[in-house]
Amino acid sequence: MKLSDACDAYLRDMEARNFRRSTLKNYKSLFRALQSYARDHGLTDLTRIDQAEMRAWRESWSCKPGTQRLRLGQLRAFFTYAIDVGWVQISPMLKLKAPRSSVRPRMPLTRNEVASLVNTAEDSGRTKEKALILLMRYSGLSIRDAVTLRSDAIDGNNNLTLRRAKSGELVMLPLHSLAIEALERIYQAGQTHFFWSGKSLPITATKYWRDRLQLVASKAGVQNFTPHRLRHTFAVEFLLAGKSMEDLSTLLGHSSVITTERHYAQWDVSRRDRLSQIVREVHACDPLPELLNGRMSRKTTRGPLTRPPKSAPAPLPVMRSSSSR
């Protein structure tokens, strides 16, 4: 089986399975790079690509660790498919490990920053931008899912239901009244979507609204703004309220709770408090103090440690509603 034919067949299979256009674009870029390397090294047949060749190709990569992890995952999926259809007997990706990379903590917007975004959009007459900001803040949707949200995805009880474009996972949650009021304000009878005509590509509509929100953020003085920080804000506020990581993972539409933990573990107040209590209970059962028979307490004259313990992430500042202006 020629490598080029195998790549083309896999792309056709992905198209038949209704993968997103952006995902197909990423695979096409990856396959172009793989085929270029293969041509330079005389590896036109798929079966000639072994672990040694894949390691050698990976060594030539200059992309960031996160991009390398993505590439390796895509290649694993491709060669798993190749095994399933009988093109190869063993995957050359079998023992290739992803590079180590430290995931930066997901930083939410403060409540004052969210309020500034909402108030700036309101004062500028940007009612759609205001509605989009509140929708993302109170739903945790990515900007792509928010921009292409159908009007019938919200029922009469203000419950939102949709499948995420990225993972296909089902998301269901009630929307806050602030978001509902903003959406009702921009809705026109007969509309199928709140922010999208349905005629352009989703990626085009997403870019348009991302730029619109950047303009609002710039005017509001919110530094380092990206629309995805609204999703982070939803997640962090949920955890700071003492709710579970598992429930958050479901609400965000993650395919695995491991993904959620990787990005938001530092904000999990409920888990931190539970683990702290467990450790205190273990300390209470420790026989060492009795075995020492008070010797440590007689010899130790200094007071308790003066270094303050590490505290949990500080609560976000209180958000000022636009109605209080």
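What share of the contacts in the protein chain with a separation of 6 or more comes from residues 24 or more positions apart? The share is 65%, where contact means heavy atoms within 4.5 Å.

Before going on, I should say that this is a predicted model, in which local features need pLDDT of at least 70 and side-chain atom pairs count only at pLDDT 80 or more, while totals for chains, interfaces and linings use all residues. Residues are numbered from 1 along each chain as its sequence is written, and side-chain values use heavy atoms, with hydrogens and water left out.

The protein chain has 15 helices and two strands, taken as DSSP runs numbered from the N terminus, with at least four residues for helices (H or I) and at least two for strands (E). Of its 325 residues, 37% are buried, that is, under 20% relative accessible area with a 1.4 Å probe, counting protein chains only, whereas exposed means over 50% and partly exposed lies in between.

Turning to the interior, the largest nonpolar core has 52 residues, and Leu117, Leu183, Phe195, Leu248 and Tyr264 have the most contacts inside it; such a core is a set of buried Ala, Val, Leu, Ile, Met, Phe, Trp, Tyr and Cys residues joined through side-chain atoms within 4.5 Å. Helix H6, residues 127-139, supplies the largest share of this core, seven residues. Apart from its neighbours within four places in sequence, Leu183 touches residues including Ala131, Leu135 and Phe195.

Finally, Arg164 sits in the loop between strand E1 (159-163) and strand E2 (170-174), and Arg164 is buried, with a relative accessible area of 9%. Beyond its neighbours within four places in sequence, its contacts include Asp145, Glu169 and His254.
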